[in-house]
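Welcome to this guided tour. Please open the model in your viewer, keep the selection tool handy, and follow along one stop at a time.

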Amino acid sequence: MDHPTRRRFNGTLLAGSAALIAAPGVRAQAAWPSKPIRMIVPYTPGGFTDVTARLISQKLQERLGQTVTIDNKPGANSIIGVDLIAKAPPDGYTMGVVIAAYAANTSLYPKLPYDPKKDLAAVSLIGISPLIAAVNNDAPFKTGPELIAYARAHPGKVSFGSSGGGSAAHLTTEYLKALTNTFMVHIPYRGAAPALTDLMGGQIQLFFDAASGLINPGKTGKVRLIGVASDRRLPAAPDVPTFIEQGIANFTGSTWAGILAPAGTPKDIVRRVADEVARIVRMDDVKARLEGMGTIPVGGTPEEFATFIGAETAKWGQVIRNAKVTVE
């Protein structure tokens, strides 16, 4: 006999089971992202990092169906912004875009307010932007080999600018000096713009920078582009040979852009963003924009980006120690 109490009990049990079965679906409906995402950029608006972050964030917003807001937090060679990323709640609603300085800072600053290995998680490498070397039009060298020959024959006579002590431009030139056994004098500037101005004016003879900052001055004849610190030529500057082509083996140096999240951010969210970035950088319009900036689109998995950061940290750490690079 089917007792009423038993029917009520069975009905309750079935309802409870149905609720448990439905729970994943309920969670899926409220799954990430259910509110706007904050993307911290540790630099001022308008530069390489900011432009790259905005390009990717706009597409992420379209694909995720949620607003992705850029929050510029410059200062202390990106440390201020990165610290904000590290200390944000690991819920997938705060991430950030960093560049090569992130890897170098581990060696440049012994007392960072965050632990790169414990407090931050790699999400995705967006792209790599090999640096281009520009020289003053009146410089007595017009190619990579001529620069090296002149620097060897006239130690200390070549001065090179950078966008700041410890920047990718500075460390790439120090790496060139080490590989070629040359001595050139470093002149640090507060940003790339004043360094480029002094290069054009003849106050310095050499300046490495991201292609996005030097291609137009090179095309208009304001400076001479003599080489790319990469293993391949750039689509945005196909006539500029690599230094490797010119006989300087293994010489590469770049800035790059990639996304980090606070450590502890759910792995499914981290992988979702990485998957989306991999798709985004291969979109025709995004790929064209990145390549026009002199950036090689990459994408990839969180694990690949973590390995890349480790290699960059080791490489530039060695350069920093060998050249005894310090920052104020």
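## A loop to begin with

Select Pro33, which sits in the loop between α1 (4-29) and β1. The model you are looking at is predicted. Now add Trp32 to the selection: the peptide bond that joins Trp32 and Pro33 is cis, with omega at about -5 degrees. As background, most peptide bonds are trans.

## Stepping back

Zoom out to take in the chain as a whole. Along the principal axes, its C-alpha atoms fill a box of roughly 105 × 40 × 30 Å. Colour by secondary structure and you can look for eleven helices and ten strands.

How much of the chain is buried? Of its 328 residues, 48% are. The accessible surface comes to about 15,400 Å², and carbon and sulfur atoms hold 55% of that. Among contacts with a separation of 6 or more, 77% link residues 24 or more positions apart.

## Two residues with positive phi

Next, go to the loop between β2 (68-72) and α3 and select Ala76. Its phi is near 55 degrees, a positive value in a residue other than glycine. Select Ser78 as well, which is found in the loop between β2 and α3. Ser78 is not a glycine either, yet its phi is positive, at about 85 degrees. For comparison, most residues other than glycine have a negative phi.

Which of these words fits Ser78, buried or exposed? With a relative accessible area of 3%, Ser78 is buried, because the cut-off for that is under 20%. Ala76 has a relative accessible area of 45%, so it counts as partly exposed.

## Two covered helices

Carry on along the chain to α3 (79-86). Six of its eight residues are buried, so α3 is mostly covered. Highlight the buried ones: Ile79, Gly81, Val82, Asp83, Ile85 and Ala86. To see what covers them, show β1 (37-41), and then β3, α4, β4 and β9, which are also part of the cover.

Then select α4 (residues 101-108). Why is α4 described as largely enclosed by the rest of the structure? Because six of its eight residues are buried. They are Ala101, Tyr102, Ala103, Ala104, Asn105 and Leu108. The cover here includes α3, β3 (94-98), β4, α6, β9 (254-262) and α11 (302-323).

## Into the nonpolar cores

Time to look inside. In soluble globular proteins, nonpolar side chains tend to be buried together. In this model, the largest nonpolar core has 48 residues. Select Ile132, Leu147, Leu206 and Phe208, the ones with the most contacts inside this core. Strand β4 (residues 120-135) gives the most to it, with five residues.

Centre the view on Ile132. Leaving out residues up to four places away in sequence, Ile132 touches a group that includes Phe207, Phe208, Leu214, Ile215, Leu225, Val228 and Leu234. Another core lies apart from the largest one. It has 32 residues, and you can find it by selecting Ala53, Ile56, Leu64 and Ile269, which are among them.

## Two buried stops

Select Ser159, in strand β5 (residues 159-162). Its relative accessibility is 11%, so Ser159 counts as buried. Beyond its neighbours within four places in sequence, Ser159 is in contact with Val185, Ile187, Gln203, Ile204, Gln205 and Leu206.

Now jump to Thr295, in the loop between α10 (284-292) and β10 (296-297). Thr295 is buried too, with a relative accessible area of 3%. Which residues does Thr295 touch, not counting those up to four places away in sequence? Phe48, Gly127, Ile128, Ser129 and Leu290. You can also try the distance tool from Thr295 to Pro266: the C-alpha atoms are 29 Å apart, and the two residues are 29 apart in sequence.

## Last stop: the largest pocket

Finally, select Ser163, Gly164, Ser167, Gly191 and Ala192. Of the 41 residues that line the largest pocket, these lie nearest its centre. The pocket has a volume of about 1,400 Å³.

Elements that each supply at least two lining residues are α2 (48-64), α6 (168-180), β6 (185-188), β7 (206-210) and α8 (211-219). The largest share, four residues, comes from α6. Colour the lining by residue type to pick out 19 nonpolar, 18 polar and four charged residues.

Terms used:
Residues numbered from 1 in each chain as written. Predicted model: local features only at pLDDT ≥ 70, side-chain atom pairs only at ≥ 80, totals over all residues. Heavy atoms only, no water. 1 Å grid on protein atoms, 1.4 Å probe; cavity = no way out; pocket = protein on both sides within 12 Å on 5 of 7 lines; lining within 4 Å. Points joined across faces, edges and corners; volume = space filled by probe spheres on them. Nonpolar A, V, L, I, M, F, W, Y, C, P; charged D, E, K, R; others polar. Buried < 20%, exposed > 50% of the residue type's maximum accessible area, 1.4 Å probe, protein only. Contact = heavy atoms within 4.5 Å. Areas by Shrake-Rupley, 256 points an atom, 1.4 Å probe, with all protein chains shown as cover. Core = buried A, V, L, I, M, F, W, Y, C linked by side-chain atoms within 4.5 Å.
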